[in-house]
Amino acid sequence: MLEKQRSRSRSRSRNKRKQEETHLSAPSAKKPLGGFWQSDAVELIQELLPKRYVDVKIMEYHGKPLTYLAVEIYFDGMPLSSFMEYNKHCTKSESDSSSLKSEGCNEDTCGDSWEIDFEGLHSPNVGIQPLIHFGLPSLPYPGEFFSVTVKHIETPNEVFISLISREGSRHSSDTDDSGISCVPEEMTLESAMKQLNEYADFLPILTDFASGLPCIAEYVDGLWYRARILAIQCIDPVKVLVQYVDYGSTRLQAADRLRQIPPELFQYPVAAFRVKLAGFKPPRDDGLPDRIPYSPLWSMEALWTMMDCVEGKQLSASLLSGFPEPSAFLYEEEGTLVHVPLIEKSLADVDL
């Protein structure tokens, strides 16, 4: 008899804890569509919140001892309840209509903050690398000429360039009288990435997607490259916009094709960096209908022409300013400015 009473007591205790947990998991002051939380809403919460640090605000509680607890959960400063409402999983109750404005999210602004809030879904969990940025290369002095290649073109006057290293730059003290190196050859970024690709599939999968977070991302060629997170573009399934930092190009990538970056790869500065090209600007009116979608001041014809001018060529550059916003003149081998064809075709105007 005593054992049966203990069993009933444990059962009541489990049911009580289960009821409290149900209240804890439901976004406060919201009415789920249909009167209960649908499976897709639960799956969305399960995808967003596990193993993340969140802020919890107690909204309401009853009973001593505690029998009911209503909370508001915040991830990256955004109320979970407002996020669920924006995604049409619930509606706000009468008590919530006034508090929504104080949280800074309403029907007009919640959509605008979508990308910003998702970019901040990084939490300092155990096993997740801190938000470390890639280093930048050392640049020549302004006015000095140096060899470069163009790795990626965003617009005709915004490109990513890569410095061409000078041969024979190793200091003479690194060799003995016989000309044999006395120190082991340093591993280059190229050799480090080649080595990494041998085991990249076994690296821990990336689980946090903060804007700017370094990572390793697969490319269309099946190889893995250094990258950084730009934004989450899709939540089901998760797709992340990444930028390959050693090239400048971007790509929408599935979450399972992203990996945590080994710490030793931070020792290499980025191999490509954005430069604003000087001497020309978008034309006042070129009369061409096809525009670059993300930069409509420029025509697609201007973009193709610039690609023809720089693709696969070794060029020379001369900086006007350095980081954080470097600008430069870009020259072909014979000393002609690369943008001259755009001026001649009225695809760009001279910018003095």
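# A guided tour of the predicted model

The protein chain contains eight helices and 19 strands. The model is a predicted one. Of its 352 residues, 39% count as buried. Among contacts between residues at least 6 apart in sequence, 63% join residues at least 24 apart.

**First stop: helix α6**

Begin by selecting residues 189-196, which form helix α6. Which residues of this helix are buried? They are Leu189, Ala192, Met193 and Leu196. Viewed down the axis of α6, these buried residues fall within an arc of 95 degrees, so they line one face of the helix. An α-helix has 3.6 residues a turn, so residues three or four places apart point the same way. Now turn to the other side of α6, where Glu190 and Lys194 are exposed. To see part of what covers the buried residues of α6, add β8 (214-218) and β9 (224-235) to the selection.

**Second stop: the nonpolar cores**

Keep β8 and β9 in view and proceed to the largest nonpolar core, which has 29 residues. Select Met84, Leu206, Phe209, Ile229, Val240, Val242 and Leu258, the residues with the most contacts inside this core. Two or more residues each come from α2 (39-48), β3 (68-75), α3 (80-86), β8, β9 and β10 (238-244). Which element gives the most to this core? It is β9, with five residues.

Next, select isoleucine 229 alone and display its surroundings. Apart from its neighbours within four places in sequence, isoleucine 229 is in contact with Leu206, Phe209, Ala210, Ser211, Gly212, Leu213, Cys215, Val240, Leu241, Val242 and Leu258. A second core, separate from the one just visited, has 27 residues, among them Leu277, Ile292, Leu330 and Ala348.

**Third stop: the second largest pocket**

The second largest pocket has a volume of about 480 Å³. To find its centre, select Leu136, Phe160, Arg228, Gln243 and Arg274, which are the closest to the centre of the 23 lining residues. The elements that give two or more residues to the lining are β7 (158-163) and β13 (273-277), and β13 gives the most, with four residues. How is the lining of this pocket divided by class? There are 13 nonpolar, five polar and five charged residues.

**Fourth stop: three loops**

Select phenylalanine 323 and proline 324, which are joined by a cis peptide bond with omega of about 15 degrees. Proline 324 is placed in the loop between β17 (315-321) and β18 (327-331).

Continue to glutamate 332, in the loop between β18 and α8. Is this residue buried or exposed? Glutamate 332 has a relative accessible area of 16%, and under 20% a residue counts as buried. Glutamate 332 is in contact with Lys313, Leu315 and Val338, leaving aside its neighbours within four places in sequence. Select alanine 317 as well: 15 residues separate it from glutamate 332 along the chain, and the two C-alpha atoms are 8.9 Å apart.

Finish at serine 346, in the loop between α8 (340-344) and β19 (349-350). Its phi is near 60 degrees, a positive value in a residue other than glycine. Serine 346 has a relative accessibility of 46% and therefore counts as partly exposed.

Key: Residues are numbered from 1 along each chain as its sequence is written. This is a predicted model: local features need pLDDT of at least 70, side-chain atom pairs count only at pLDDT 80 or more; totals for chains, interfaces and linings use all residues. Side-chain values use heavy atoms; hydrogens and water are left out. Buried means under 20% relative accessible area, exposed over 50%, partly exposed in between (1.4 Å probe, protein chains only). The arc is that of the directions from the helix axis to the C-beta atoms. Contact means heavy atoms within 4.5 Å. A nonpolar core is a set of buried Ala, Val, Leu, Ile, Met, Phe, Trp, Tyr and Cys residues joined through side-chain atoms within 4.5 Å. On a 1 Å grid over the protein atoms alone, a cavity is a set of points where a 1.4 Å probe fits but cannot get out, and a pocket is an open set with protein on both sides within 12 Å along at least five of seven lines; lining residues have an atom within 4 Å of a point. Grid points are joined across faces, edges and corners, and a volume is the space filled by probe spheres set on the points. Ala, Val, Leu, Ile, Met, Phe, Trp, Tyr, Cys and Pro count as nonpolar, Asp, Glu, Lys and Arg as charged, and the others, Gly among them, as polar.
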